[in-house]
Structures are given as C-alpha cells and as structure tokens.
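Please look over the sequence and the structure shown below before reading on. The report that follows moves from the whole chain to its interior, and then to single residues and pairs.

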Amino acid sequence: MSEILSVFEFIHGMRWQDFVDILLMAFLIYQAIRLIRGTRSMQMLVGLAIVLTAYLFSQKFELLTLNWVLSNFLSYIILILVILFQADIRRALTQVARNPFARTSPELMSVIGEVARAAFNMAEKRVGALIAFEREIGLKNYIEAGKPIDAKVSTELLLSIFNTDGPLHDGAVIIQSGRLAAAGCFLPLQADEQVKRSYGTRHRAAIGLTRETDAAVVVVSEERGIVSLALEGRINRIPDQNELRDQLAQLLKTGDLRPAEEIESASAA
C-alpha cells in the first residue's frame, strides 16, 4: 500500500513540463524504432544492446580484462552510433525537414499518372523496369553516371527506354523535379542476407538506393510481371495503377517543382 502511495506522491509532484518531456521522449523513441524496424540497423542495435549487457555483467562480476576492453569500446559510442546509423540519421533528418503542408502539384500528378500507366503496361508484357523518383536527398551522382535525357515524362518514352532491344533498358531512369533527368543509371546493389534470395538485380538496386537515400523507386519484374514500390529499403507489391498513383502522390508532396509542360494524364487516356 505504501508503494502505491509513493507512486501517487511522485506523480503529484511532477510538473507539466515533466509530462511533456516524457511524451516527447516516448515519441522520439517510437519514431526511431519505426525507422529502423526491419532493416540492417535493427540487428546492429541488438548487437550494441548485447555489448552493453556484457559490459554491465563484467562490472558486476569484476571481469577486469573484459571490462577494460568494453570500457574503451563504449567511450567512443557516440562516434560508433553515427557511423553505424548514418543512413538512418540522414533519412530521419530529411523527414523532419520536410514540409508537412506541402501538396502534390497538378504537373507532378500528371507525371505520376504516366509512370503508373507505363509500369503496368510493361508488367503485362513482362518487360522489366526501374524508375526512381528523387525526393529531398539529391540523386545527382547517379544522374551524372547515366545518360542525360532531360525530357518530359510520358508513357511512350518510358516504354521506349525499357524496350529490351534498346541500349538503356538495363539501367534505371531517374525523375527529378517532374522531368526525366537521365536513363541507363546504375544504382547501388544491396547484397546482404536480409534481402530475399528471390529478388533479382532490379529489386536489389531499388533496395540499395532507398536505404542510402529517401528516393521512391518503382520496380517492374520481368519474371513475375508484377509492380512494386521500394521505400526505405522495403519492397511492397502494388496491385493496380490507382494504388501506385495514390502512394506516389502521398510520397512526393512538394511545392518546389520547376514549371513542366502539361502532360496528358493517365485518367484522360
């Protein structure tokens, strides 16, 4: 009974600032777990927890050599965390900086419609494709390594680029500021054990790019004839054009597009 009274006294003695502080910390911890869940960083976090447990164990039972080694290791823990979780930290800071009130422009919605129509057209014909949308983190390095195009996005252009007889069909196209910036771009392949063995080169490239940046990547599988969307290192199958349009529209909200030529929307086709 006395313990319950002590808890009530403790709560009664807290300031409103303390409640806000606890809620903010809980929110930050939840967002951090949500950000790294299902990624390689989660395994690294578990590994660090094991190291910390071993350190406490060595202190309690006076294991001097182990304690000395782990003490030196943990003295650099901030630097280690920055190195291990640099991609996740960069992605988190980008999300914080994004304008929550931004809207998807009509020009970009037209681009999204063209991409959705082209993706499912190619899926039906079993033609593979990789279409990356630049968001907050720039893809300049990948654009410069590909073939510069700088053209308005259209279904016909995408079908032409990914035609198996064309010279650029093996690479990715990158859409930047509502324009098709480059084609034949090669993205970083993800080759760790967490990636399913059933995934081919295009899926691994999409996972690799979305783990390093905040890009959204549309993947068309030539083997299975399905369309997927890669984001934050995860691949999700998309059932139809409408779903792809909705998800891309939600992800690509921005007010910073440069003026683009009016493109015939997929819904009007």
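## The chain as a whole

The chain holds 11 helices and seven strands, and the reader should keep in mind that this is a predicted model. Of the 269 residues in the chain, 41% are buried. The accessible surface comes to about 16,300 Å², and carbon and sulfur atoms account for 59% of that surface. When contacts between residues at least 6 apart in sequence are considered, 63% of them join residues that are at least 24 apart.

## The nonpolar interior

In soluble globular proteins, nonpolar side chains tend to be buried together. The largest nonpolar core in this chain has 33 residues, and Ile131 and Val218 are the members that touch the most other members. Several elements supply at least two residues each to this core, namely the helices α7 (106-124), α9 (155-161) and α11 (241-251), together with the strands β1 (129-133), β3 (172-176), β4 (179-185), β5 (216-220) and β6 (227-231). The largest share, 10 residues, comes from α7.

Which residues does isoleucine 131 contact, once its neighbours within four places in sequence are left aside? Isoleucine 131 is in contact with Val115, Met122, Leu158, Phe162, Val173, Ile175, Ala216, Val217 and Val218. A second core, separate from the one just described, has 21 residues, and among them are Ala132, Ile143, Ala205 and Ile235.

## Helix α10 and proline 188

Helix α10, which runs over residues 201-212, has 12 residues and reaches 17 Å from its first C-alpha to its last, close to the 16 Å expected at 1.5 Å a residue. This helix is mostly covered, since 10 of its 12 residues are buried. The buried residues of α10 are Arg202, His203, Arg204, Ala205, Ala206, Ile207, Gly208, Leu209, Thr210 and Arg211, a list in which arginine appears alongside nonpolar residues such as Ile207 and Leu209.

Proline 188 lies in the loop between β4 and α10. Its relative accessible area is 18%, and because buried means under 20%, proline 188 counts as buried. Leaving aside neighbours within four places in sequence, proline 188 is in contact with Tyr142, Arg204, Ala205, Gly208, Leu209 and Glu212. The C-alpha atoms of proline 188 and threonine 210 are separated by 9.5 Å, although these two residues are 22 residues apart along the chain.

## Salt bridges

The count of salt bridges comes to six, and the table lists some of them with the distance from nitrogen to oxygen.

| Acidic residue | Basic residue | N to O distance |
|---|---|---|
| Aspartate 18 | Arginine 15 | 3.1 Å |
| Glutamate 114 | Arginine 117 | 3.3 Å |
| Glutamate 232 | Arginine 234 | 3.4 Å |

In the pair of aspartate 18 and arginine 15, aspartate 18 is partly exposed at 22% relative accessibility, and arginine 15 is partly exposed at 48%. Arginine 117 and glutamate 114 are both buried. Because they are three residues apart in helix α7, arginine 117 and glutamate 114 are separated by about one helical turn. In the remaining pair of the table, glutamate 232 is buried at 16% relative accessibility, whereas arginine 234 is partly exposed, with a relative accessible area of 25%.

## Two residues with positive phi

Glutamate 232, already met in the table, is found in the loop between β6 and β7 (234-238). Its phi is near 55°, which is a positive value in a residue other than glycine. Aspartate 150 also has a positive phi, near 50°, and is likewise a residue other than glycine. Aspartate 150 has its place in strand β2, residues 147-152, and with 44% relative accessibility it counts as partly exposed.

## A nonpolar patch on the surface

Which residues make up the nonpolar surface patch of about 490 Å²? The patch is made by Met25, Phe27, Leu28, Ile29 and Ile33. Methionine 25 belongs to helix α2, which covers residues 16-36. With a relative accessible area of 43%, methionine 25 is partly exposed.

Technical notes:
Residues are numbered from 1 along each chain as its sequence is written. This is a predicted model: local features need pLDDT of at least 70, side-chain atom pairs count only at pLDDT 80 or more; totals for chains, interfaces and linings use all residues. Side-chain values use heavy atoms; hydrogens and water are left out. Patches are made of residues with over 30% relative accessible area and no salt bridge: like charges are joined within 9 Å, nonpolar side chains (Val, Leu, Ile, Met, Phe, Trp, Tyr) within 5 Å. Accessible areas come from the Shrake-Rupley method with a 1.4 Å probe; for residues, only the protein chains shown count as cover. A salt bridge is a side-chain nitrogen of Lys or Arg within 4 Å of a carboxyl oxygen of Asp or Glu. Helices (H or I, at least four residues) and strands (E, at least two) are DSSP runs, numbered from the N terminus. Buried means under 20% relative accessible area, exposed over 50%, partly exposed in between (1.4 Å probe, protein chains only). A nonpolar core is a set of buried Ala, Val, Leu, Ile, Met, Phe, Trp, Tyr and Cys residues joined through side-chain atoms within 4.5 Å. Contact means heavy atoms within 4.5 Å. The expected span of a helix is 1.5 Å times one less than its number of residues.
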